[in-house]
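Please look through the structure below with the sequence beside it, and then follow the paragraphs one step at a time.

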Amino acid sequence: MSMKSSTRQVDGVTIVDLSGRITLGEGSVVLRDTVRDLLSKGQKKILLNLGDVNYIDSSGIGELVSAFTTAKNQGGELKLLNLTKKVHDLLQITKLYTVFDVKEDEAGAVKSFNK
Amino acid sequence: MCADRVSYTLDSTLETVNNAEETASRMATEAGFDEEEVMKIAMAVREAAVNAVLHGNAYDPNKKVTLAFECTAGDLVIVIRDQGKGLDASKIPDPLAPDNLMKTSGRGIFLIRSFMDVVEIHPSQTGTELKMIKHVHGKPADSKEAPQ
């Protein structure tokens, strides 16, 4: 199953609902293009909802790091929401869990962005 | 129970990566691993296939990847070979080092080592052989129960 991405706006925050697999190839490209497109439009408060992402490989992890860094370098913020156990465990063993700002509920996550 | 030994010769394409992962998942399931272990084995094989296709063979259509699975009494042994320049494992940076944490690549071998019980990397001038072993129920094949 490839990855799907859709975006919605909540109180000035762009929530990106992702589903499927973030892996080398299509999945990573979809994530990269989505984040770059948002940043180019000035939408710099980005919440990646990974609740339906059931698989991620090292390329996908790299793409998350790239998205985080790219947003930060452009004065934006990128946070993660609703990690599945698999993704949570992967971020733990790669020591990235504490690097990312990880949220568990959408309303709280939206409020956490700088106004 | 899985077949004793199966091997595949694959093209240096992205499709090979996906096929290797799917095959590993099937073989690990047949070998009796639980769902979580199957996921780890399949991911290790996926990462190994990515290394072979991208970094080893560099998508060269003239170079092949071979993938072999062997079931023994207590182990699933997986060997993947490429025809690249040979991977020098000593030069792979530690992805957990603070300076490397935010790098966008370099975590494949680390994940393989995290998910498999034994990982051996054998580089040569004709390519790299990566051997991975997963013990069924976490026990080496030659382990013996302590006397009662």
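In this predicted model, the largest nonpolar core has 67 residues, and those with the most contacts inside this core are L48(A), L50(A), L80(A) and M132(B). The element that gives the most to this core is α2(B), with 11 residues. Apart from this core lies another one, of 7 residues, among them L81(A), A109(A), V110(A) and F113(A).

Consider L80(A) in more detail: if its neighbours within four places in sequence are left aside, L80(A) is in contact with L47(A), L48(A), L50(A), L64(A), L91(A), F100(A), D101(A), V102(A) and K103(A).

The strands of chain A can be followed next. Strand β3 of chain A, residues 45-56, runs parallel to strand β4 of chain A, residues 77-81, and 5 bridges join them; within this pairing, L47(A) has K79(A) as its bridge partner. Together with helix α2 of chain A, residues 58-73, these strands make a right-handed β-α-β unit. Strand β3(A) also pairs in the parallel sense with strand β2 of chain A, residues 13-22, over 8 bridges, where D17(A) has N49(A) as its bridge partner. Here too there is a right-handed β-α-β unit, made by β2(A), helix α1 of chain A (residues 26-40) and β3(A).

Turning to chain B, why is helix α3, residues 108-115, described as largely enclosed by the rest of the structure? The reason is that 6 of its 8 residues are buried, namely G108(B), I109(B), F110(B), L111(B), I112(B) and F115(B). These buried residues of α3(B) pack against α2 and α3 (85-93) of chain A, together with α2 (35-56), β4 (118-124) and β5 (127-135) of chain B.

Terms used:
Residues numbered from 1 in each chain as written. Chains lettered and ligands numbered in written order. Predicted model: local features only at pLDDT ≥ 70, side-chain atom pairs only at ≥ 80, totals over all residues. Heavy atoms only, no water. Pairing = 2+ DSSP bridges. Helix = DSSP H or I, 4+ residues; strand = E, 2+ residues; numbered from the N terminus. Right-handed = clockwise from strand over helix to strand, strands pointing away. Buried < 20%, exposed > 50% of the residue type's maximum accessible area, 1.4 Å probe, protein only. Contact = heavy atoms within 4.5 Å. Core = buried A, V, L, I, M, F, W, Y, C linked by side-chain atoms within 4.5 Å.
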